[in-house]
Number of protein chains: 2
Amino acid sequence: MQPKYEFVAKTLEKEIIERKYNDDKKLPTEEELMKVFQVSKNTIRKAIDVLVSNGYVYRVQGSGVFLRDFFYNGFVNVMNMTGLTKNFSADKIATKVIELSLIDPTEKKIEKLNCSPETKIYYVKRIRYLDGEPIEIEESYYNKDVICYLNNEICLGSIFKYITEDLKLNIGFANRVISTEKLSKEDAEFLNLEENDPSLNLENVVYLSNGKAFDYSIEKYNYLKIKLYNIN
Amino acid sequence: MQPKYEFVAKTLEKEIIERKYNDDKKLPTEEELMKVFQVSKNTIRKAIDVLVSNGYVYRVQGSGVFLRDFFYNGFVNVMNMTGLTKNFSADKIATKVIELSLIDPTEKKIEKLNCSPETKIYYVKRIRYLDGEPIEIEESYYNKDVICYLNNEICLGSIFKYITEDLKLNIGFANRVISTEKLSKEDAEFLNLEENDPSLNLENVVYLSNGKAFDYSIEKYNYLKIKLYNIN
């Protein structure tokens, strides 16, 4: 069974993302949270420890628990492996699948995914929208030996959720490279921008906790709408 | 006294940054390291634990300790609070101080540094060069109540080193926002780029471990030379 403090932490995390506490920029007091969740002070403290270490809040001695500055539109957490649906409340994000196909890997993909040339690769290209505006082009290459099945319906939602909750795989760590380049005409059109405008690029290799690389992806963000943040 | 494993970890870290192990992309075996450092197997293991958790290397069961992909030119660790001199070996980095002055904070700086309007601020603008090529424009705003003194000589070196080793302050955490924008004509000239070329921007608020913000800075990287990376 999930420990109580984890349930409390997850619930508060969800509420923070949904901007429930944005007016005060502060969480309710320990006493108030104890009443809401019907748990002990110790459980509340452990839940808040989790939120602190995940960078959502910070404590100020004697005055409470405050939200860090990042939970409003236009910020994507670079540290976060769970994708856009975790950064923004789900009802604000829409997805269009441009392509989903099973392909043979190029040499670059073989190197990034550390797979054999015979491995089949799911290629997914999606456009993500926030409040109806295009904010991201995402191209992902999944090793089919690890991600055994994908379809259009899954790609319309959170692939991360599918991987962890349905395939029950343990995602371990990711290497990310952030860069910027000039947009091609085609990509600029997807993002409602002009050719040669800057794009904010995130290139990721994501690994299972056993060290196996399963996803190589390139995300191109709309520079007028999205900033990335990093907390440490 | 510094524990032995810390000395070993720091020495190996320095060597990795100086690319000593770039040919093999692999550290020497435990046995070899025991001989080199004249320490126990346990000390070597603890040192490697440190390198793993700092994202320098990863272990592969039965075959050794491998370098992660990031330690070559053109990558700056976003997680790193220690500045460029930690990302590249010191002899490759040169610095030009464009301006150093004591100013009154604007409203934005008052908000970012959470200071009073009467606080004096050290404003530092520097250009950083890697192998003689301009790679970064850095503008920093230091709260003088915390960073009590700065001069040109200090700014020509590692300000981070001065803060931690001379002022003996404990740097705690940082909020960073990564974005991209079109370069102004003036900034483009500093970076040997064209007006409206993309710049890769890092905006930082850096805090002491007691939660006091002491530095607000904007770093603009040359998009042709620098990528940022993030390991988690």
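**Exercise 1.** Determine whether B:Leu208 is buried or exposed in this predicted model, and describe its surroundings.

*Solution.* The relative accessible area of B:Leu208 is 8%, and since buried means under 20%, exposed over 50% and partly exposed in between (1.4 Å probe, protein chains only), B:Leu208 counts as buried. Next, locate the residue: B:Leu208 lies in strand β8 (residues 198-208) of chain B, where strands (E, at least two residues) and helices (H or I, at least four) are DSSP runs numbered from the N terminus. Then list its contacts (heavy atoms within 4.5 Å): leaving aside residues up to four places away in sequence, B:Leu208 touches B:Val146, B:Leu169, B:Asn170, B:Ile171, B:Gly172, B:Phe173 and B:Phe214. Finally, B:Ala174 is 34 residues from B:Leu208 in sequence, while their C-alpha atoms are 8.8 Å apart in space.

The model is predicted, so local features need pLDDT of at least 70 and side-chain atom pairs pLDDT 80 or more, whereas totals for chains, interfaces and linings use all residues. Residues are numbered from 1 along each chain as written, chains are lettered from A and ligands numbered from 1 in the order written, and side-chain values use heavy atoms, without hydrogens and water.

**Exercise 2.** Work out which residues of α3(A) are buried and what they pack against.

*Solution.* Begin with the buried residues of α3(A), which are A:Thr43, A:Ile44, A:Ala47, A:Ile48 and A:Leu51. They lie on the same side of α3(A), because they cover an arc of only 135 degrees around the axis, taken from the directions from the helix axis to the C-beta atoms. These buried residues pack against α1 (4-17), α2 (30-37), β1 (57-60) and β2 (64-67) of chain A. The face turned away from the buried side carries the exposed residues A:Asn42 and A:Ser53.
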